[in-house]
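The following exercises train the reading of a protein model. Please study the sequence and the structure before turning to the solutions.

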Amino acid sequence: MSAIKSSIFNLLKGDFLVNKDSFKNWRFILFVVALLLLMIASAHSSDKKVMEIAKLTNEIKELRAEFLDKRSISMGMRLESTVRKKVIDLGIKPSEQPPQVIKVISKK
């Protein structure tokens with residue numbers, strides 16, 4: 001038990017960082033720190049992309065709703081009854097005579 005206690009005590013004191021063989025321990029620690037920094041940067045990058053995707057999805061929904069609204073307005077404006085109401089203010093009335101067909105016969 002005393003060997004385990006002394007090894008835990010040495011670990012807590014940080015003897016493995018100041019021994020004569022500590023260079024390989026430092027290399028490993030720096031390697032782990034570099035991997036952790038890379039993992040954190042990757043997580044932030046993926047979070048940023050997820051937020052951008054959510055923002056663009058909401059923008060698409062808003063634009064689709066606006067498109068449907070404008071399309072229904074334009075469909076209503078193209079109705080004959082709507083056009084008649086608009087042109088009556090200008091003094092234009094529908095013709096009371098049906099259109100006549102003009103036939104052009106060319107002689108060669």
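Four exercises on this predicted model follow, each with a worked solution.

**Exercise 1.** Determine the secondary structure of the chain and the order of its elements.

*Solution.* Step 1: the elements are counted, which gives 4 helices and 0 strands. Step 2: the elements are read along the sequence, and the pattern is α-α-α-α.

**Exercise 2.** Compare the radius of gyration of the chain with that of a compact globule of 108 residues.

*Solution.* Step 1: a compact globule of 108 residues would have a radius of gyration near 13 Å. Step 2: the chain has 40 Å instead. Step 3: the extent of the C-alpha trace is examined along the principal axes, where the trace spans about 115 × 45 × 25 Å. Step 4: burial is considered; buried residues, those under 20% relative accessible area, make up 2% of the 108 residues. Step 5: the accessible surface of the chain is about 10,900 Å², and carbon and sulfur atoms contribute 65% of this area.

**Exercise 3.** Describe the charged side chains of the chain and the salt bridge formed by R84 and E80.

*Solution.* Step 1: the charged side chains are counted, giving 20 positive and 11 negative ones. Step 2: the centres of these two sets lie 7 Å apart. Step 3: the count of salt bridges comes to 1. Step 4: the side chains of R84 and E80 meet in a salt bridge, at 2.8 Å from N to O. Step 5: the positions are compared; R84 and E80 are 4 residues apart in helix α4 (residues 80-88), so about one helical turn separates them. Step 6: the accessibility of each partner is classified. R84 counts as partly exposed because its relative accessibility is 42%, whereas E80 is exposed, with a relative accessible area of 54%.

**Exercise 4.** Identify the residues of the negative patch and of the nonpolar patch on the surface, and classify E59 and L36 by accessibility.

*Solution.* Step 1: the patch of negative charge on the surface gathers E52, E59, E62, E66 and D69. Step 2: E59 is located in helix α3 (residues 22-77). Step 3: E59 has 39% relative accessibility and therefore counts as partly exposed. Step 4: the nonpolar patch on the surface is formed by F28, F31, V32, L35, L36, L38 and M39, which together have about 710 Å² of accessible area. Step 5: L36 also has its place in helix α3. Step 6: the relative accessible area of L36 is 42%, so L36 is partly exposed.

Technical notes: Residues numbered from 1 in each chain as written. Predicted model: local features only at pLDDT ≥ 70, side-chain atom pairs only at ≥ 80, totals over all residues. Heavy atoms only, no water. Patch = residues over 30% accessible without salt bridge, like charges linked within 9 Å, V, L, I, M, F, W, Y side chains within 5 Å. Areas by Shrake-Rupley, 256 points an atom, 1.4 Å probe, with all protein chains shown as cover. Salt bridge = Lys/Arg side-chain N within 4 Å of Asp/Glu carboxyl O. Lys, Arg positive; Asp, Glu negative; His and termini not counted. Charge placed at Lys NZ, Arg CZ, Asp CG, Glu CD. Helix = DSSP H or I, 4+ residues; strand = E, 2+ residues; numbered from the N terminus. Buried < 20%, exposed > 50% of the residue type's maximum accessible area, 1.4 Å probe, protein only. Rg over C-alpha atoms; globule rule 2.2 N^0.38 Å.
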